[in-house]
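Open your viewer, get the sequence panel up, and keep a selection box handy. We'll go stop by stop.

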Amino acid sequence: MNPITRVAATTFVFAAALAAGAVLAQPQLPKEATEATRAANRAQRAELPLADRQSFDDATRGHVEAFGDKVVMRADGSRQAWTLRGYEFLAAEEAPDTVHPGLWRHARVNLANGLFKVVDRVYQVRGLDLSNMTILEGDSGLIVIDPLISVEVAREAMALYFRHRPQRPVVAVIYTHSHVDHFGGVRGVVGDDEVGKVSIWAPAGFMHEAVGENVIVGNAMARRAQFQFGPLLPRGERAQVDAGLGKTVSGGSITLIAPTRLIEKPIETHRIDGIDVVFELMPGAEAPAEMIMYYPQLRVLNMAEIATQNFHNLLPLRGALVRDPLVWSKYLGGALDRYGAGSDVLIAQHHWPVWGGERVRAFLAKQRDAYKFLHDQTVRLINHGYVGQEIADMIKLPPSLNQEWSVHAFYGSLKHNVKAIYQRYLGYYDGNPANLDPLPPVAAAKKTV
């Protein structure tokens with residue numbers, strides 16, 4: 001078996017396992033919200049800007065055709081790869097007692113789906129997977145950015161695009177980074193007879209990081225991903241509501257074609273089929289190998305997964321290396337300085353765009369400030385002698401950030417991110433010698449009983 005086939009067959013098991021729904025028993029029916037949960041959610045309603053409708057307008061702008069409640073089956077017909085059926089409960093404006101009101105609003109915005117025109121020559125398919133597919137229209141063909149998780153939904157996304165746009169060949173595919181939701185569906189975009197003819201672009205270190213993150217502890221990550229994304233749960237206000245970055249993950253066939261062109265310098269400019277693309281590497285933030293893009297002719301900035309419509313996880317619950325919020329904030333500040341003045345639209349490979357130069361610049365500044373704030377305040381309290389659990393209960397977003405929807409942690413939580421920063425700098429040990437050699441779970445449970 002050649003290396004690429006082996007990677008495609010054995011890598012990214014966490015996403016593959018999400019599709020294997022038959023291995024888990026049906027969960028018990030969930031209970032009503034407790035009084036404590038109801039009180040906590042009521043308190044959140046009082047301080048969140050729930051009257052702000054801008055995200056709903058942005059998420060539907062440029063809409064061409066909805067995907068709706070159609071079903072995409074796996075190629076072998078064994079089970080569903082994707083559907084939005086089951087999310088009808090999100091039609092209700094008011095959040096139920098069981099769901100955080102901010103997450104409820106975010107989940108409703110995330111329901112916008114189908115083909116969208118961003119500007120001339122730039123289209124996105126959103127709501128057909130956890131991530132977005134972006135399509136640039138070159139002089140002779142198409143440049144596809146991030147072909148989703150699985151082959152079946154990627155093919156469906158291309159078919160949706162071609163129902164409204166001319167049938168032209170794919171001349172290039174760009175992977176923005178080394179996570180499976182940004183490359184796994186590539187064989188749904190590039191056919192067997194096109195491999196070697198279509199250029200595949202990726203950031204330096206892509207193959208090493210794509211394999212390393214998902215194979216070395218792949219079995220454990222697969223199990224944990226089941227709990228992080230909840231794909232096997234029924235959909236409903238007491239079950240799976242949203243996955244933060246999108247509705248959920250697709251369950252189709254995962255593939256990989258190795259890159260033929262690597263971006264290796266911090267900033268490189270290339271012309272691909274008539275479109276100038278400024279690539280900028282941003283490793284060590286959201287992914288170990290990642291890059292953003294700026295399209296100067298189109299005045300569009302693509303922030304990949306460095307700036308999306310939420311405060312991102314610094315340590316995914318499925319597992320990964322702890323991300324660096326300090327370097328993340330510096331990348332955001334650099335992007336603001338270099339591309340802010342020349343951008344009329346900001347897109348990303350999750351969520352919906354930001355339109356208007358002034359709003360783009362404000363969006364980047366708020367994102368930068370949020371990562372820097374959380375880092376600096378956590379480090380300050382670390383140096384005062386507090387441990388991670390204490391700090392997590394002490395830090396709140398300042399009012400200037402708390403009123404900005406795009407920096408709320410719908411994909412994780414601020415508390416979780418504080419603990420990740422503590423772990424990054426000091427590790428698991430909290431300074432209490434009694435915790436150096438605790439009993440393992442089974443022995444501790446027996447002693448407790």
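What follows is a walk through rings, helix packing, loops and a strand.

Before you click, note that this is a predicted model, with local features needing pLDDT of at least 70, side-chain atom pairs counted only at pLDDT 80 or more, and totals for chains, interfaces and linings using all residues. Residues are numbered from 1 along each chain as its sequence is written, and side-chain values use heavy atoms, with hydrogens and water left out.

**Stop 1: aromatic rings**

Searching the whole structure turns up 13 aromatic pairs. Rings of Phe, Tyr and Trp (its six-membered ring) pair if their centres lie within 6.5 Å; planes under 30 degrees apart are stacked, over 60 edge-to-face, and the rest tilted. Select Tyr-161 and Phe-162: this pair is edge-to-face, at 5.3 Å centre to centre and 65° between the planes. Tyr-161 counts as buried because its relative accessibility is 0%. (Buried means under 20% relative accessible area, exposed over 50%, partly exposed in between, using a 1.4 Å probe and protein chains only.)

Now pick Trp-328 and Tyr-371, a stacked pair with 4.6 Å between centres and 15° between planes. The two rings bring together distant parts of the chain, 43 residues apart: Trp-328 belongs to helix α9 (residues 325-339) and Tyr-371 to helix α10 (residues 357-383). Helices here are DSSP runs (H or I, at least four residues), as are strands (E, at least two), numbered from the N terminus. Both Trp-328 and Tyr-371 are buried.

Next, show Tyr-87, Phe-89 and Trp-104, which ring pairs join into a cluster.

**Stop 2: charges over rings**

Select Arg-53 and Phe-56. The charged end of Arg-53 sits over the Phe-56 ring, 4.0 Å from its centre. For another example, go to Arg-126, whose charged end sits over the ring of Phe-116, 3.8 Å from the centre. The test is NZ of Lys or CZ of Arg within 6 Å of the ring centre and within 35 degrees of the ring normal.

**Stop 3: α10 and its helix partners**

How do α9 and α10 pack? Their axes are 8 Å apart and the angle is about 160°, which makes α9 roughly antiparallel to α10. Axes are lines fitted to C-alpha atoms, for helices over the stretch in contact, and angles run from 0 to 180 degrees between N-to-C directions. Angles under 35 degrees count as roughly parallel, over 145 as roughly antiparallel, 65 to 115 as roughly perpendicular and the rest as oblique. The α9/α10 crossing is left-handed; that term applies if the near helix is turned anticlockwise from the far one by less than a right angle, and right-handed if clockwise. To see the contact (heavy atoms within 4.5 Å), show residues including Leu-332 and Leu-336 of α9, and Leu-364 and Arg-368 of α10. The stacked-pair residues Trp-328 and Tyr-371 are among the contact residues too.

Stay on α10 and add helix α13 (residues 414-426): the two pack at about 60°, with axes 10 Å apart. That makes α10 oblique to α13, and the crossing of α10 and α13 is right-handed. Residues that meet here include Leu-374, Thr-378 and Ile-382 in α10, and Val-418, Ile-421 and Tyr-425 in α13.

**Stop 4: some loop residues**

Go to Phe-67, in the loop between β1 (63-65) and β2 (71-73). Is Phe-67 buried or exposed? Phe-67 is at 2% relative accessibility, so it counts as buried. Not counting residues up to four places away in sequence, Phe-67 touches Val-72, Trp-82, Asn-113, Gly-114, Leu-128 and Glu-156. Measure from Phe-67 to Asn-113, C-alpha to C-alpha, and you should get 6.0 Å, although they are 46 residues apart in sequence.

Then compare two non-glycine residues with positive phi. Arg-299 has a phi of about 55° and lies in the loop between β13 (291-295) and β14 (300-302). His-351, with phi near 70°, lies in the loop between β15 (345-347) and β16 (354-355). Arg-299 is partly exposed at 34% relative accessible area, whereas His-351 is buried at 4% relative accessibility.

**Last stop: strand β7**

Select Ile-143 in strand β7 (residues 142-145). At 0% relative accessibility, Ile-143 is buried. Its contacts, leaving aside neighbours within four places in sequence, include Ile-135, Val-171, Ile-174 and Ile-272.
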